[in-house]
Amino acid sequence: MTPDADDPALEHPAPNPHARTRTSGRFTVIEVAGEIDLATAGFVAEHLDAATARPLPDVLVDLRYVVFFDCSGLRVLCRAETRAREREGRLRVVCDQPRIRRLFAGTGLLKRFPPLSGVPGEGRR
């Protein structure tokens, strides 16, 4: 079943200071920015929940503009990745920052989220 282009579920949530959603080819790209912690992870979760609500989601979470990322951010990523798999889709991360890659490695999540260096088909925005 493919989603209908007129389906209101395909609308992206409004941008906020920590996340915005856009479409790039077949991908739904969530650009995450700033400090992602207990106080701000909900802003990101809103976009991840919308992106993984439809069947066969293909989501890229762009973490290149993040200055701080803690376990609250990891929690919303894990929840969204599980939800994407349950809908026969996938969620991947875009990350070129060594400190965030170390966070994934240190928490045992590097295999679950092997980082891409950029959004396929695009140069750095």
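# Close-up views of a predicted model

**View 1. Strand 2 and strand 3 run side by side in the parallel sense, joined over 8 bridges.** The model shown here and in the views that follow is predicted. Within this pairing, Glu35 has Phe68 of strand 3 as its bridge partner. Between the two strands the chain passes through helix 1, and the resulting β-α-β crossover from strand 2 to strand 3 is right-handed. Strand 3 is for the most part covered, since 9 of its 12 residues are buried.

**View 2. Strand 3 also pairs with strand 4, again in the parallel sense, and here the pairing extends over 5 bridges.** One of the positions to look for is Val61, whose bridge partner in strand 4 is Val93. The chain travels from strand 3 to strand 4 by way of helix 2, and this β-α-β crossover is right-handed.

**View 3. A salt bridge joins Arg90 to Asp58, with 3.0 Å between the closest N and O atoms.** The two residues come from distant parts of the chain, Arg90 belonging to strand 4 (residues 90-94) and Asp58 to strand 3 (residues 58-69), with their positions 32 residues apart in sequence. Their surroundings can be described separately: Arg90 counts as partly exposed, at 34% relative accessibility, whereas Asp58, with a relative accessible area of 12%, is buried. Strand 3 holds this Asp58, and a further salt bridge can be found between the side chains of Asp62 and Arg64, where the N to O distance is 2.7 Å. Both of these residues, Asp62 and Arg64, are buried.

**View 4. Arg22 and Glu122 meet through their side chains in a salt bridge, at an N to O distance of 2.7 Å.** Arg22 lies in strand 1 (residues 19-24) and Glu122 in the segment that follows helix 3 (98-106), so this pair ties together parts of the chain that are 100 residues apart in sequence. Arg22 is buried, its relative accessible area being 9%, while Glu122 counts as partly exposed at 24% relative accessibility. The view can be widened to take in Arg20 and Glu31, which are linked with Arg22 and Glu122 in a network of salt bridges. In the structure as a whole there are 11 salt bridges.

**View 5. The largest nonpolar core is made of 27 residues, and those with the most contacts inside it are Leu48, Val61, Leu63, Leu77, Leu91 and Phe104.** Two or more residues are given to this core by each of strand 2 (27-36), helix 1 (41-51), strand 3, helix 2 (71-86), strand 4 and helix 3. Helix 2 supplies the largest share, which amounts to 6 residues. Another core lies apart from this one and has 5 residues, among them Val29, Leu60, Val94 and Val119. As background to this view, nonpolar side chains tend to be buried together in soluble globular proteins.

**View 6. Phe104, one of the residues with the most contacts inside the largest nonpolar core, is shown with its surroundings.** When its neighbours within four places in sequence are left aside, Phe104 is in contact with Leu63, Leu74, Leu77, Val93, Leu109, Leu110 and Phe113. Phe104 and Phe113 are both buried. A search of the whole structure finds 1 aromatic pair. The pair consists of the rings of Phe104 and Phe113, whose centres are 5.6 Å apart and whose planes stand at 35 degrees, so the arrangement is described as tilted.

**View 7. Arg99, a residue of helix 3, is shown beside residues that come earlier in the sequence.** Not counting residues up to four places away in sequence, Arg99 touches Val66, Val67 and Phe68. Phe68 has already appeared in the first view, as the bridge partner of Glu35 in strand 3. Arg99 and Phe69 are separated by 30 residues in sequence, and their C-alpha atoms lie 9.3 Å apart in space. At 37% relative accessibility, Arg99 counts as partly exposed.

Key: Residues are numbered from 1 along each chain as its sequence is written. This is a predicted model: local features need pLDDT of at least 70, side-chain atom pairs count only at pLDDT 80 or more; totals for chains, interfaces and linings use all residues. Side-chain values use heavy atoms; hydrogens and water are left out. A salt bridge is a side-chain nitrogen of Lys or Arg within 4 Å of a carboxyl oxygen of Asp or Glu. Helices (H or I, at least four residues) and strands (E, at least two) are DSSP runs, numbered from the N terminus. Buried means under 20% relative accessible area, exposed over 50%, partly exposed in between (1.4 Å probe, protein chains only). A nonpolar core is a set of buried Ala, Val, Leu, Ile, Met, Phe, Trp, Tyr and Cys residues joined through side-chain atoms within 4.5 Å. Contact means heavy atoms within 4.5 Å. Rings of Phe, Tyr and Trp (its six-membered ring) pair if their centres lie within 6.5 Å; planes under 30 degrees apart count as stacked, over 60 as edge-to-face and the rest as tilted. Two strands pair if DSSP finds at least two bridges between them. A crossover is right-handed if, with the strands pointing away from the viewer, the path from the first strand over the helix to the second runs clockwise.
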